[in-house]
Amino acid sequence: MPNALCIQKYSLRCNHLLGLQQEVAGGARESKALSILEFVLIILLCLMVAVIAGASPIYNVMAYGARGDGKTDDTKAFLNAWKAACADPRNPYFVVTGKGGKNYLLSKIIFEGPCSSSLKFLISGGLVAPNRLWTNQIDTWIVFKNIPKITVLGNGLIDGKGSIWWDCLSKNQCRDAPYIMEFMGCDYLRVKNLNLKDSPGKHLVVYKSDYVTLSGLKITSPEDSPNTDGILISDSQHGTISYSTIGVGDDCIAIGPRSYDINVSHITCGPGHGISIGSLGKNGVEDNVEGIHISNSHIFNTLTGIRIKTWQGGAGHAKSISYENINFTSVKAGVIVIDQYYCPELNCPNKTGNVAISEVSYLGLQGSSVSDVAIKLACSSSMPCRGITMSEVSFTPQQANIRLQSYCINAQGSASGHVTPQTPCLKH
């Protein structure tokens, strides 16, 4: 598939050479006659560009009035460019150019489909959120809605300007903070190489979207920024998240309710709260999660490492979950955690019933724990965890004077090979 930015570059080059037959080099203008061979090569290049551009037209936001000065609101220009691109049946490119250091100030914006063909959304310039409190409800700054087969990629910085929101939350003057980016109803979605920074709330949310691939992402916010999950995926199936670096103030990756067949691998996570499944079963609802595989990753300087969290009183199940070949460094409050008593407010009433947790395997995990409790399996008496297996799991204390231990209640399963610290409720 051709690169739209290359098409732009060589299109301009063709126009320059054919129109002027001269070059500009080193700040000096020097006239240069073209040889027959050079002229033929240029003609061939221009024909190739014309054919490619004809097959995959380019919709550059600058052509629709975007300024990219970081001060002018470019929302209208983006929507006008989107309307044209979305209606094009020739698999177009929507281009946010970064040439000249462009940064585009956007208000809340919704890119809505369905579109007439698959579409590439290329972000090389920066996107900047308003540096003010612009909503008083749960909301998202940039939304992609009902757009199957869209690809969003690029290395432009997407800045959520979250600090004003974090200050508002800390003073209890705000109840909620918006997300940076959300994909809703976008089956066969591809998101690659984006750089997201300082979301007021969650950074990237995938909702009701199947066959999703997220890769090469860089997501960052301060360690103390509240509820700034890196990636949340829920109500989706057949998803892959890989080769990404995430350091935030909450879960690096959260796998939410009604998620099936989600594969997470080659993630560098830290700081943050680790990689979590849940929370599930809040307010007594039935939540199901199944077929989650997390592997070949490094988690460091996080609150927890890998965690499954469910509320008392919920229903449903979380099963067929595997963790494999993961390294941990300086995890503060449990490297392996199953918490069927999840209660972030610390004042939840006891309830019977819970989301059933079963068929969870831990293989080839190692690293260091700050807390003396490295493994915590806190399962419900009314809904014990079943089929928990551990093999070749080895954790060491961050400080030599700490003796690691495990906490295990109402969990059933087995351990094989080397498991440290020992987990008595698992049969060896």
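1. Tyr 323 is buried in this predicted model, its relative accessible area being 2%. The residue belongs to strand β26, which spans residues 315-331. Tyr 362, located in strand β28 (residues 356-369), is likewise buried, with a relative accessible area of 2%.

2. Tyr 323 and Tyr 362 make up one of the 16 aromatic pairs that the structure holds. A pair of aromatic rings is described by the distance of the centres and the angle of the planes. For Tyr 323 and Tyr 362 the centres are 5.1 Å apart and the planes meet at 5°, so the pair is classed as stacked; the angle falls under the 30 degrees that this class requires. Because one ring sits in β26 and the other in β28, the pair ties together parts of the chain that are 39 residues apart in sequence.

3. The largest nonpolar core comprises 97 residues. Tyr 323 and Tyr 362 are among the residues with the most contacts inside this core, together with Phe 78, Phe 94, Phe 121 and Phe 144. These four phenylalanines also appear in an aromatic cluster, whose further members are Trp 82, Tyr 104, Phe 111 and Phe 183.

4. Phe 121 merits a separate remark. Apart from neighbours within four places in sequence, Phe 121 is in contact with the cluster members Trp 82, Phe 94, Phe 111 and Phe 144. The other contacts of Phe 121 are Val 96, Ile 150, Thr 151, Val 152 and Leu 153.

5. Six disulfides are present in the structure. One of them joins Cys 252 to Cys 269, with an S to S distance of 2.1 Å. Cys 252 lies in the loop between β20 (237-247) and β21 (253-255), while Cys 269 is in strand β22; the pair thus links distant parts of the chain, 17 residues apart. The link is right-handed, with 85° about the S-S bond. Cys 252 is buried at a relative accessible area of 0%, and Cys 269 is buried at 0% as well.

6. Cys 343 and Cys 348 form another disulfide, with their sulfur atoms 2.1 Å apart. The torsion about this S-S bond is about 90°, so the disulfide of Cys 343 and Cys 348 is right-handed. Cys 343 counts as buried at 15% relative accessibility, because the limit for that class is under 20%. Cys 348 is partly exposed, with a relative accessible area of 29%.

7. The disulfide of Cys 408 and Cys 425 has its sulfur atoms 1.5 Å apart. The torsion about the S-S bond is about 65°, so this link is right-handed. Cys 408 is in strand β31 (residues 405-409) and Cys 425 in the loop between β32 (411-420) and β33 (426-427), so the link ties together parts that are 17 residues apart in sequence. Both cysteines are partly exposed: Cys 408 has a relative accessible area of 23%, and Cys 425 has one of 22%.

8. Why does Cys 186 not form a bond with Cys 115? The closest cysteine sulfur to that of Cys 186 is in Cys 115, and the distance of 9.3 Å is too far for a bond; a disulfide requires sulfur atoms within 2.5 Å. Cys 186 is buried, at a relative accessible area of 0%.

9. According to an unreviewed UniProt entry, His 273 is listed under "active site". His 273 lies in the loop between β22 (259-269) and β23 (275-280). Not counting residues up to four places away in sequence, His 273 touches Gly 249, Asp 250 and Asp 251, as well as Thr 302, Leu 303, Thr 304, Gly 305 and Arg 307. A polar atom of the His 273 side chain is 3.4 Å from the backbone oxygen of Gly 249.

10. Ser 380 is located in the loop between β29 (373-378) and β30 (385-397). Is this residue buried or exposed? Ser 380 is buried, with a relative accessible area of 6%. A polar atom of the Ser 380 side chain lies 3.3 Å from the backbone nitrogen of Met 383. Beyond its neighbours within four places in sequence, Ser 380 is in contact with Gln 340, Tyr 341, Asn 354 and Asn 410.

Note on methods
Residues numbered from 1 in each chain as written. Predicted model: local features only at pLDDT ≥ 70, side-chain atom pairs only at ≥ 80, totals over all residues. Heavy atoms only, no water. Helix = DSSP H or I, 4+ residues; strand = E, 2+ residues; numbered from the N terminus. Buried < 20%, exposed > 50% of the residue type's maximum accessible area, 1.4 Å probe, protein only. Polar contact = N/O pair within 3.5 Å; in protein donor to acceptor, adjacent residues only side chain to side chain. Contact = heavy atoms within 4.5 Å. UniProt positions renumbered as here; feature names shortened; annotations may be inferred. Phe/Tyr/Trp six-rings, centres within 6.5 Å; stacked < 30°, edge-to-face > 60°. Core = buried A, V, L, I, M, F, W, Y, C linked by side-chain atoms within 4.5 Å.
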